[in-house]
Amino acid sequence: SDLRKEKVRVQTFKNYRYLSRGLINLFECFPLNSITPDVIASQLDTLLSNHARPTVNRYRALLSVAFDYGQKAGLIANNPASLMTQRYFKENNETVRVLSSKEESELRRIIRRRYPNREACFDLALSTGIRRNEQFNLTWQEVDLRESTLLVGNRKVPLNSIAIGALRELQAQANGSLFVNGRDTDSRKV
């Protein structure tokens, strides 16, 4: 697909592919030039009965990407999604989700069975709370075992004994990789 050429993240591309089906259903009866910010708002409102607000935001974001692409290709004069005055729904990015003991045990059982060399990655994620992309783009240069911290973006993340143990195990598995998770290249781009 041409979207892959735009250098989007792999997971973003997968999400776009999934969400695009819903957008086609929402907008297939509208001629392209009749789609305005008001039409978009009305159609996105219909999604609220079946989707969470952050999911509706993802639909809006994909719609904006699609219109940007159409604008670059000369199919439309402007992007009506970008003309919406603000993000569709405010999201609370401060929500903390903690696994129950049962969930953690079940995930650990599956990881040990299917991906035994990845249990240290799981321990690092649980003990630091850093995001997946932060963890998998973390380099050894950003790890300070003496100070028991990770430098993630502009913040220092403290490490407990479980995280330090996980990092030591990952270091033993790294085979000279610059990245903590042992891969050789940056996975953010396709």
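The exercises below, each with a worked solution, concern a predicted model of a single protein chain.

**Exercise 1. The chain as a whole**

Task: Work out how many helices and strands the chain has, and in which pattern they follow one another along the sequence.

Solution: Begin by counting the elements, which gives eight helices and three strands. Then read along the sequence, where the pattern is α-α-α-α-α-α-α-β-β-β-α. Next, turn to the surface: the chain exposes about 12,800 Å², and carbon and sulfur atoms supply 50% of that area, while 35% of the 190 residues count as buried. Finally, consider the contacts with a separation of 6 or more, of which 55% are accounted for by residues 24 or more positions apart.

**Exercise 2. Two helices in contact**

Task: Describe how helix H3 and helix H4 pack, and determine which residues meet between them.

Solution: First locate the two elements, with H3 covering residues 37-47 and H4 covering residues 53-72. Their axes lie 10 Å apart and the packing angle is about 145°, and the crossing in which H3 passes H4 is right-handed. Now list the residues on each side: H3 contributes Ile40, Leu44 and Leu47, which meet Val56, Tyr59, Arg60, Leu63 and Phe67 of H4. Sorting the residues of this contact by character gives seven nonpolar, no polar and one charged.

As a further step, take Tyr59 from the H4 side of that list and compare its position with that of Tyr18, a residue of helix H2 (residues 10-27). Tyr18 and Tyr59 are 41 residues apart in sequence, and their C-alpha atoms are 10.0 Å apart in space. Tyr18 counts as exposed, because its relative accessibility of 53% is over the 50% cut-off.

**Exercise 3. An aromatic pair**

Task: Find how many aromatic pairs there are, and decide whether the pair of Phe27 and Phe30 is stacked, tilted or edge-to-face.

Solution: The count comes to one aromatic pair. Phe27 and Phe30 form a pair with 6.0 Å from centre to centre and 50° between the planes. Since planes under 30 degrees apart count as stacked and those over 60 as edge-to-face, the rest being tilted, the pair of Phe27 and Phe30 is tilted. To complete the picture, check the accessibility of each partner: Phe27 is buried at 8% relative accessibility, whereas Phe30, with a relative accessible area of 26%, is partly exposed.

**Exercise 4. Two residues with positive phi**

Task: Establish where Ser148 and Asn175 are found, and whether each is buried, partly exposed or exposed.

Solution: Take Ser148 to begin with, which has a positive phi of about 55° although it is not a glycine. Ser148 is found in the loop between strand S1 (143-144) and strand S2 (149-152), and its relative accessible area of 23% makes it partly exposed. Asn175 likewise is not a glycine and has a positive phi, of about 50°. Asn175 is found in the segment after H8 and is exposed, with a relative accessible area of 75%.

**Exercise 5. An asparagine after H8**

Task: Decide whether Asn181 is buried or exposed, and name the residues that Asn181 touches.

Solution: Asn181 lies in the segment after helix H8 (161-173). Its relative accessibility is 10%, and because buried means under 20%, Asn181 counts as buried. Leaving aside residues up to four places away in sequence, Asn181 touches Arg118, Cys121 and Phe136.

How values were computed: Residues are numbered from 1 along each chain as its sequence is written. This is a predicted model: local features need pLDDT of at least 70, side-chain atom pairs count only at pLDDT 80 or more; totals for chains, interfaces and linings use all residues. Side-chain values use heavy atoms; hydrogens and water are left out. Rings of Phe, Tyr and Trp (its six-membered ring) pair if their centres lie within 6.5 Å; planes under 30 degrees apart count as stacked, over 60 as edge-to-face and the rest as tilted. Buried means under 20% relative accessible area, exposed over 50%, partly exposed in between (1.4 Å probe, protein chains only). Axes are lines fitted to C-alpha atoms, for helices over the stretch in contact, and angles run from 0 to 180 degrees between N-to-C directions. Helices (H or I, at least four residues) and strands (E, at least two) are DSSP runs, numbered from the N terminus. A crossing is left-handed if the near helix is turned anticlockwise from the far one by less than a right angle, and right-handed if clockwise. Contact means heavy atoms within 4.5 Å. Ala, Val, Leu, Ile, Met, Phe, Trp, Tyr, Cys and Pro count as nonpolar, Asp, Glu, Lys and Arg as charged, and the others, Gly among them, as polar. Accessible areas come from the Shrake-Rupley method with a 1.4 Å probe; for residues, only the protein chains shown count as cover.
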